[in-house]
Amino acid sequence: MTTAHDTRIDACVAALRSALPAGTVITDPDVTASYTRDQSRLTDAEPPAAVLIPRNTAEVSTCLRLACEHGVPVIARGAGSGLSGAANASGNAVVLSLHRMNAVLEIDEINRVAVVQPGVITADLRAAVATAGLFYPPDPGSVAFCTIGGNVATNAGGMCCVRYGVTGDFVLGMEVVLADGRVLRTGRRTVKGVAGYDLTRLFVGSEGTLGIVTEVTLRLVPAPGPAHTLIATFSQLADAGRAVSGIVGAGVVPGMLEILDRTTVRAVDALAHMDFGADVAAVLLVQCDTGDVEQVTELSASAGAVDIADTDDATEGAMLLEARRLALPALERLGDWLLDDVCVPVSAVTDLIAAIENIAAQAGMTIGVFGHAGDGNLHPTVIFDDTDPSSRAAATAAFDAITAAALRLGGTITGEHGVGRLKRGWLQRELGPVGMDVHRAVKNTLDPQHLLCPEGMLSR
């Protein structure tokens, strides 16, 4: 990164001002500073040279065409809710914010399809399709303020993934503006379609490095029926692991299967006074169909659950799930935090949590763990003091040790948050040299100047 002034930027900004409507190009430093970074921790960022706020695909195309002609890097931004640093700005780049492109363009009830712009808030889309008796399942923790475009860029998940899958499982097609300003349409809205390469899947999870998504066609499903919500507490972490393995192994497909470790449970207790008890080592939270609740209860009990409670009342169920939703806010009260995102095979969930407990003990640090036990995606949260360099270093070391442990257990460095700047150094360790060569070949073809998100996961 560099803060040195580049005359190419002045020329580019001037050309953009001439070509775009008033208010699209912003250079006021008081405004551009607010577009500096996402919600990641310990990632580099600088205020951008300018912020571009287009209203439609044609304006996005103009932005990228002129940036390409002047050799100016462009960083796409949704709501800035990401946790990997992928939307962090650089002083020699412009940020292209998609928040004005926030329309739900179509809801097709017969074919169960929605067409939306990238700036649509995920919760707003879920509410809109619910009025038609339909359901859009992906539900990231930031569902109330994250955007569909950002979800597509990171292939975001959430608590419903164990049954329904991640964002990419619902993307049928998209409109993408390439680095040189050309507009590409991928995919289709039919149930089947195998003509050509699956370019839609290529762009899902590409974190703004290959193109900027300006429209998304999404698959919807019928609204689910009433569900039972169950909470089970365990005095031993291994018992909770046996319950998870038992539920998944029995063929039960819950709508949600979440876990909180001892540290997180105590933090939630301190915040919300939920009275789990000092001896609780882990809590499982499960939502399942009415026909599965008895089997889930039996499997939890046989695995050693101390207490089990369930309800089919939606309001009571929401109260039980509050413990999971309070996990990060509760841990935030303990100090500065560094949230990780790793995924392992479901059978290795408790092995990963045990490894994290050892890392915490050896480093003398507090690390809380919560996440999606049903699909092996956990969010270890390292608590540290950001004003103390030694504490920052220890947090980084613990973060790296957790990521390495996930790989050793046959997992991945990120399940849903993405690589961004935070984990770009880990990408080659997971993909290997041939995998990286193929990634770079794709990048070089679609963005030969490396202008899109140049400090991101495929940075030179």
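## The second largest cavity

In this predicted model, the second largest cavity contains about 40 Å³ of space. Its lining is made up of Gln39, Ser40, Arg41, Leu83, Trp337, Leu338, Leu339 and Leu422. Sorted by class, these lining residues comprise five nonpolar, two polar and one charged.

Two domains take part in enclosing the second largest cavity: domain 1 (4-99) and domain 3 (228-409) each contribute at least three residues to the lining.

## The largest cavity

The structure has two cavities of 30 Å³ or more. For the largest cavity, the enclosed space is about 40 Å³. The residues that line the largest cavity are Leu83, Ser84, Leu339, Asp340, Asp341, Phe399, Thr414, His417, Gly418, Leu422 and Lys423. This lining divides into four nonpolar, four polar and three charged residues.

Leu83, Leu339 and Leu422 appear in the lining of the largest cavity and also in the lining of the second largest cavity.

## The second largest pocket

Turning from cavities to pockets, the second largest pocket holds about 560 Å³ of space. A total of 27 residues line the second largest pocket, and those nearest its centre are Val204, Gly205, Ser206, His439 and Met457. By class, the lining of this pocket consists of 13 nonpolar, ten polar and four charged residues.

Several helices contribute to the second largest pocket. Helix 5 (148-154), helix 7 (199-203) and helix 15 (424-446) each provide at least two residues of its lining. The greatest share comes from helix 15, which supplies six residues.

## Helix 14 and helix 15

Helix 15, a contributor to the lining of the second largest pocket, also packs in a pair with helix 14 (residues 389-408), and the axes of the two come within 12 Å. These axes cross at roughly 15°. An angle under 35 degrees counts as roughly parallel, so helix 14 is roughly parallel to helix 15. The crossing between helix 14 and helix 15 is right-handed.

## Helix 1 and helix 3

A second helix pair is formed by helix 1 (residues 7-19) and helix 3 (residues 57-70), whose axes come within 9 Å and cross at roughly 150°. Angles over 145 degrees count as roughly antiparallel, and helix 1 and helix 3 are therefore roughly antiparallel to each other. Helix 1 makes a right-handed crossing as it passes helix 3.

## Residues with positive phi

Most residues other than glycine have a negative phi. Two residues in loops are notable in this respect. Asparagine 155 has a phi near 55°, which is positive although the residue is not glycine. The position of asparagine 155 is in the loop between helix 5 and helix 6 (161-164). Helix 5, which borders this loop, is one of the helices that supply at least two residues to the lining of the second largest pocket.

Histidine 273 likewise has a positive phi, near 50°, in a residue other than glycine. Histidine 273 is located in the loop that runs between helix 9 (262-272) and strand 14 (282-289).

Note on methods
Residues are numbered from 1 along each chain as its sequence is written. This is a predicted model: local features need pLDDT of at least 70, side-chain atom pairs count only at pLDDT 80 or more; totals for chains, interfaces and linings use all residues. Side-chain values use heavy atoms; hydrogens and water are left out. On a 1 Å grid over the protein atoms alone, a cavity is a set of points where a 1.4 Å probe fits but cannot get out, and a pocket is an open set with protein on both sides within 12 Å along at least five of seven lines; lining residues have an atom within 4 Å of a point. Grid points are joined across faces, edges and corners, and a volume is the space filled by probe spheres set on the points. Ala, Val, Leu, Ile, Met, Phe, Trp, Tyr, Cys and Pro count as nonpolar, Asp, Glu, Lys and Arg as charged, and the others, Gly among them, as polar. Domain bounds come from an automatic or database domain assignment. Helices (H or I, at least four residues) and strands (E, at least two) are DSSP runs, numbered from the N terminus. Axes are lines fitted to C-alpha atoms, for helices over the stretch in contact, and angles run from 0 to 180 degrees between N-to-C directions. Angles under 35 degrees count as roughly parallel, over 145 as roughly antiparallel, 65 to 115 as roughly perpendicular and the rest as oblique. A crossing is left-handed if the near helix is turned anticlockwise from the far one by less than a right angle, and right-handed if clockwise.
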